[in-house]
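The following exercises are intended for a reader meeting this structure for the first time. Each task is followed by a solution in steps.

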Amino acid sequence: MRQDQSSGRHRREEPIIEDEVPLFDDTASHHGIPSPLVPFLAKNAAIGFGMAILFVAAILIFDVGNVATLVSQSSFGVFAVALTTFMVGLTFAGLQMGLAVMTRNDEMGASQDTSKQR
């Protein structure tokens with residue numbers, strides 16, 4: 001910390017980061033070329049939604065907790081299945097995208113190994 005000359009208060013110095021990697025590639029977006037991150041995330045979101053559809057289908061096929069029985073006897077059964085599939089789809093898509101981003105290798109321009117000691 002350094003003491004400010006005019007007010008006598010201490011102020012924090014910003015850390016110096018030498019290997020800073022930008023989050024967005026601004027140069028590609030100015031030329032009409034989409035960032036490679038968008039298709040990467042869309043593909044993984046679709047995988048997550050597909051897994052959610054299979055998950056809800058398995059719940060209905062195996063009648064877990066008598067859900068299929070309740071759905072078949074209700075007048076709002078189709079709406080309930082659609083809403084459940086959508087909500088589970090959002091959850092699984094977010095999970096899949098997060099997992100893909102956290103476990104990706106350097107194929108998308110991820111930062112180099114930042115755990116090296118200086």
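**Exercise 1.** State which residue just after α2 takes a positive phi, and describe the helix that precedes it.

*Solution.* The residue is D63, whose phi is about 50°. The model is a predicted one, and this angle is a computed value. Helix α2 covers residues 37–61. It has 25 residues, and from the first C-alpha of α2 to the last the reach is 36 Å. That span is close to the 36 Å expected at 1.5 Å a residue.

**Exercise 2.** Determine which residues of α2 are buried, and name a helix that helps to cover them.

*Solution.* Step one is to apply the cut-off: a residue is buried when its relative accessible area is under 20%. In α2, F40, N44, A45, G48, A52 and V56 are buried. Step two is to look for the cover, which includes α4. Helix α4 spans residues 77–103.

**Exercise 3.** Find how many aromatic pairs the whole structure holds, and characterise each of them.

*Solution.* A search of the whole structure gives two aromatic pairs. One of them is formed by F49 and F86, with 6.4 Å centre to centre and 50° between the planes. Planes under 30 degrees apart would count as stacked and those over 60 as edge-to-face, so the remaining angles are called tilted. The pair of F49 and F86 is accordingly tilted. Because F49 lies in helix α2 and F86 in helix α4, this pair ties together parts that are 37 residues apart in sequence. As for accessibility, F49 is partly exposed at 27%, and F86 is partly exposed at 41%.

The other pair consists of F55 and F92. The centres of these two rings are 5.4 Å apart and the planes make an angle of 45°, which is again a tilted arrangement. F55 belongs to helix α2 and F92 to helix α4, and the pair links distant parts of the chain, 37 residues apart. F55 has a relative accessible area of 40% and is partly exposed; F92, at 22%, also counts as partly exposed.

**Exercise 4.** Locate G98, decide whether G98 is buried or partly exposed, and give the separation of its C-alpha atom from that of A45.

*Solution.* G98 is found in helix α4. Its relative accessibility is 25%, and G98 therefore counts as partly exposed. A45, by contrast, is among the buried residues of α2. The C-alpha atoms of G98 and A45 are separated by 9.5 Å, while the two residues are 53 residues apart along the chain.

Definitions and conventions. Residues numbered from 1 in each chain as written. Predicted model: local features only at pLDDT ≥ 70, side-chain atom pairs only at ≥ 80, totals over all residues. Heavy atoms only, no water. Phe/Tyr/Trp six-rings, centres within 6.5 Å; stacked < 30°, edge-to-face > 60°. Helix = DSSP H or I, 4+ residues; strand = E, 2+ residues; numbered from the N terminus. Buried < 20%, exposed > 50% of the residue type's maximum accessible area, 1.4 Å probe, protein only. Expected span 1.5 Å × (residues − 1). Contact = heavy atoms within 4.5 Å.
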